[in-house]
Amino acid sequence: PFELQTDKGERAYFYILPYLPLYEFKENIENFWEEKRESISTFLNQRTQVMLKDLMELILGFLEESIKKPAFLLGHFALEKALFTGEETSLKSIGKEEIFPLYFFEKFDFLLLGRLHRIQKIGSKAYYAGSPLPYSFEEALYKKGVWFLELKDNILIRGINPLNSSF
């Protein structure tokens with residue numbers, strides 16, 4: 001993880017999952033985790049078809065025992081119960097296998113996510129940054145803003161600073 005320490009000695013740990021299409025993920029996963037090469041090979045060879053969900057579960061399993069707290073997961077993916085705009089679905093051809101249940105990430109304290117264009121909070125710990133500008137006429141109707149997050153005594157204090165549209 002990437003470790004951040006405040007001047008008061010408080011620490012936070014950031015785990016970053018890059019966005020990769022399934023084929024790139026599958027082709028490169030062994031390079032990301034050299035020490036798990038044998039486990040990954042076995043995992044891939046036991047399946048006739050591999051879904052993104054399968055690879056995500058495998059990776060989260062690798063991380064599970066070593067997660068330090070408070071743990072922030074940064075990623076570019078969609079969660080169940082999130083609000084989509086038409087823009088994400090039409091341009092990216094998002095399929096059901098790319099939408100993950102929140103329980104996948106229960107070991108993490110907070111999820112800081114991209115992918116969806118609406119600024120939003122899912123459950124008690126998942127935050128989407130949204131897009132700062134509308135990418136379609138439909139999106140011009142949605143609130144745009146910036147999350148301000150502060151970690152104090154392992155409690156996340158949050159607020160939204162609205163962005164005014166000049167359209």
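Me: Among contacts between residues at least 6 apart in sequence, what share joins residues at least 24 apart?
Reply: In this predicted model, 56% of those contacts join residues at least 24 apart.

Me: And how many of the residues are buried?
Reply: The protein has 167 residues, and 38% of them count as buried.

Me: What does the surface add up to?
Reply: The accessible surface is about 10,400 Å², with 52% of that belonging to carbon and sulfur atoms. As for overall dimensions, the C-alpha trace spans about 55 × 45 × 25 Å along its principal axes.

Me: Now secondary structure. How many helices and strands are there?
Reply: There are 4 helices and 10 strands. Along the sequence they come in the pattern β-β-α-α-α-β-β-α-β-β-β-β-β-β.

Me: Is there a sheet of 6 strands, and in what order do they sit, I mean: what is the order?
Reply: An open sheet of 6 strands runs β1-β2-β3-β6-β8-β7, and its pairing is mixed.

Me: Why do β1 and β7 each have one side without a neighbour?
Reply: β1 (2–5) and β7 (120–122) stand at the edges of the sheet, and each has a single partner strand, so one side of each has no neighbour there. The twist from one strand to the next averages 25 degrees.

Me: Back to the order. Do β2 and β3 pair in the parallel or the antiparallel sense?
Reply: Parallel. Strand β2 (residues 11–17) pairs with β3 in that sense over 5 bridges. One of the residue pairs is Y13 with its bridge partner A71 in β3.

Me: What about β3 and β6, parallel or antiparallel?
Reply: β3 (residues 71–76) and β6 (residues 110–114) pair in the parallel sense, over 5 bridges.

Me: Which residue in β6 is the bridge partner of F72?
Reply: F110 is the bridge partner of F72. A little further along, L73 stands opposite L111 in β6.

Me: Changing topic: where is D54 found?
Reply: D54 is in helix α3, which covers residues 52–64.

Me: Is D54 buried or exposed?
Reply: D54 is buried, yet it has no salt bridge.

Me: Which side chain of opposite charge is nearest to D54, and how far away?
Reply: That is R47, at 4.4 Å. A salt bridge needs the side-chain nitrogen within 4 Å of a carboxyl oxygen, so the pair D54 and R47 does not count as one.

Me: What else is D54 in contact with, leaving aside neighbours within four places in sequence?
Reply: With those neighbours left aside, D54 is in contact with F43, R47 and Q49. R47 is therefore in contact with D54, with contact meaning heavy atoms within 4.5 Å.

Note on methods:
Residues are numbered from 1 along each chain as its sequence is written. This is a predicted model: local features need pLDDT of at least 70, side-chain atom pairs count only at pLDDT 80 or more; totals for chains, interfaces and linings use all residues. Side-chain values use heavy atoms; hydrogens and water are left out. Two strands pair if DSSP finds at least two bridges between them. Helices (H or I, at least four residues) and strands (E, at least two) are DSSP runs, numbered from the N terminus. Axes are lines fitted to C-alpha atoms, for helices over the stretch in contact, and angles run from 0 to 180 degrees between N-to-C directions. Buried means under 20% relative accessible area, exposed over 50%, partly exposed in between (1.4 Å probe, protein chains only). Lys and Arg count as positive and Asp and Glu as negative; His and the chain ends are not counted. Accessible areas come from the Shrake-Rupley method with a 1.4 Å probe; for residues, only the protein chains shown count as cover.
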